[in-house]
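Student: Hey, can we go through this one together? I'd like to start with the aromatic rings.
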Amino acid sequence: MNPTNNQHVLNWLNEMAAMTKPDNIVWIDGSEEQVAALRKEALASGEIIQLNQEKLPGCYLHRTTWDDVARVEGRTFICTKTKEDAGNINNWMDPAECRAKLTKLYTGCMKGRTMYVIPYSMSIVGSPFAKYGIELTDSIYVVLNMEIMTRVGFNVLEALGDSSDFIKGLHSKATLDAENRYIVHFPEDDTIWSINSNYGGNVLLGKKCFALRIASYLGRKEGWMAEHMLILGVTYPDGTKKYVTAAFPSACGKTNLAMLIPPEVFQKQGYKIETVGDDIAWLRVGSDGRLWAVNPENGFFGVAPGTNEKSNPNALHTCMKDTIFTNVCLNTDTNTVWWEGLDNNPPVHAINWKGQPWDYHTYDKADKVNTSGAHPNSRFTAKATNCPCLSPAFYEPNGVPVDAIIFGGRRARTAPLVYQSTSWQNGTFVGSIMASETTAAAAGAVGVVRRDPMAMRPFVGYNMGDYWAHWLEMGLKIPHPPKIFNVNWFRTDDEGNFIWPGFGDNLRVVLWILARCAGKVDADITPIGYLPKAEDICIDGLEGITLDTVRDLLSVDTAAWLEDVENIKEFYAQVGDHVPQAMYDELAALEARLKAADPQLRMPVCPAP
């Protein structure tokens, strides 16, 4: 019996079932009893492996096929009526052409299998932020992960009622044929199709597909924002709480900042850090005229390699129970998991991410994929409720008020440790030029600059230029907007060594940011924006960092920035005709200020923008 009378749901379900032809249809009700039964079934089929339940209670291991280990941007499409609506940054396919192409792949693909129907909510059911989806899948692995990552259950159907306002998601493992692997989005029809993949980022349709690509489109249409941002809470010694959101490209310390542990000197004073979200933020204007944010997810889908007691102990402790590990290394002596960067004790007897016997002596850093124990993109899917630093605000249906928005990238020379934009429009410009650098084999040599605006380059569900225009429009709708900043933890010395210690010490920069928001510290105006006075960045208890070090970290190299301006012009040209004129105005003004500044000064002071 169907648990809903919603004809929009049932008609779509019947249509998809007629196409894919499953032997059975099972509704996922969100109960632990059903999840336990599915887990047992997946264990019997070998789809998951039970780990040591004393050391890792409730934890399991899954392996994908060797060629299905990451998001596939080249096989990810935005299917809008016109290519212009999708923009030059996205892959585009005509919706009718795409449906015809994929219908052939879907036809009969679930024969001999069960179709699982997963009703789920992004954000708390009933919240003003909540959006509902239904994913159809033939993968128990997907069901078990969605149960962790989203809020699954029949209460979603009750909240939906008779409405047609839900995101329709269809996924099938099909044959796992990489040549016919597609992740496609029809934002105009609230639809996502994924086929021939079983990797989480491609098949957990509530995550990047819904919560960013489709949601960014909905946000523009409905007047809110879906962003690739963590949400961090700072509690001061007097009990005051402040919240920031932050966007970083991959490999720039996003999860580490989200679960930051304060340095001892701040812990003793009574500072506390709490995690509201580690990856995605939905933002709306509140009744008080401020911007409010929620984490629409219910779990963490984190990268395992590099996660350890030093880099991110909170993330490590979060995934020590009730977690599904994907493509990590199995220690066969202890039936536990291991990955590169966990510790310096690789298992003597192990099975690698491909399911093959592994000898750690064969590891070659230059060929990680083929020689590592865990795949470089191996993952853990863990419940947010198990996070030691989870904020009580995670459970707030109305979210948290945002004091600051932080952008960041990995730049060896150009960007200073932190600077503040001069306005919302200027902050939108700062977000639009976000970038990271690849590092060449020679120590300190700078490679290619990759622009990743707002860390959303792979995730905007429509034209990037229109996305920036939406940011500008939102600025006009927020009576009391948060201030916008840019940070760079990755400045290097002449030998290519990082100057700033990073990790927990990044709190020192966050506290300056919040002090600026509260009007408690002054700043110097430079061609790029407001920079801290070195003495206002607290370095108490930091070894090897002096005021002169901080001054160097805050320096602005005008020649390097003028080179960057030329790169930005090329990127704007790539985005195309939809780049708002305001962004070009900001770019021209930046160039003029840089040219007017004294090139001999490392931190030139200039008139306010």
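Tutor: Sure. Tyr 120, Phe 210, Trp 224 and Trp 282 are joined into a cluster by ring pairs. Rings of Phe, Tyr and Trp (its six-membered ring) pair if their centres lie within 6.5 Å; planes under 30 degrees apart count as stacked, over 60 as edge-to-face and the rest as tilted.

Student: Before we go on, what kind of model is this?
Tutor: It's a predicted model, where local features need pLDDT of at least 70, side-chain atom pairs count only at pLDDT 80 or more, and totals for chains, interfaces and linings use all residues. Residues are numbered from 1 along each chain as its sequence is written, and side-chain values use heavy atoms, with hydrogens and water left out.

Student: Ok, back to rings. How many aromatic pairs are there?
Tutor: The structure holds 24 of them. One of them is Phe 407 with Trp 471: the ring centres are 5.8 Å apart and the planes sit at 50 degrees, so this pair is tilted.

Student: Where in the chain are Phe 407 and Trp 471?
Tutor: Phe 407 is in strand β25 (residues 404–408) and Trp 471 is in helix α14 (residues 464–477), so to speak distant parts of the chain, 64 residues apart. Helices (H or I, at least four residues) and strands (E, at least two) are DSSP runs, numbered from the N terminus.

Student: Is Trp 471 buried or exposed?
Tutor: Buried, with a relative accessible area of 0%. Phe 407 counts as buried too, at 0%. Buried means under 20% relative accessible area, exposed over 50%, partly exposed in between (1.4 Å probe, protein chains only).

Student: Which aromatic pair does Trp 424 form with Trp 471, stacked or edge-to-face?
Tutor: Stacked: 5.4 Å centre to centre, with 25 degrees between the planes. That pair also links distant parts of the chain, with Trp 424 in helix α13 (residues 424–432) and Trp 471 in helix α14, 47 residues apart. Trp 424 counts as buried at 10% relative accessibility.

Student: New topic. How many helices and strands does the protein have?
Tutor: 18 helices and 31 strands. Its radius of gyration is 24 Å, close to the 25 Å that the globule rule gives for 609 residues, so the protein is as compact as a globular protein of that length. The radius is taken over C-alpha atoms, and the rule is 2.2 Å times the number of residues to the power 0.38.

Student: And how much of the protein is buried?
Tutor: 60% of the 609 residues.
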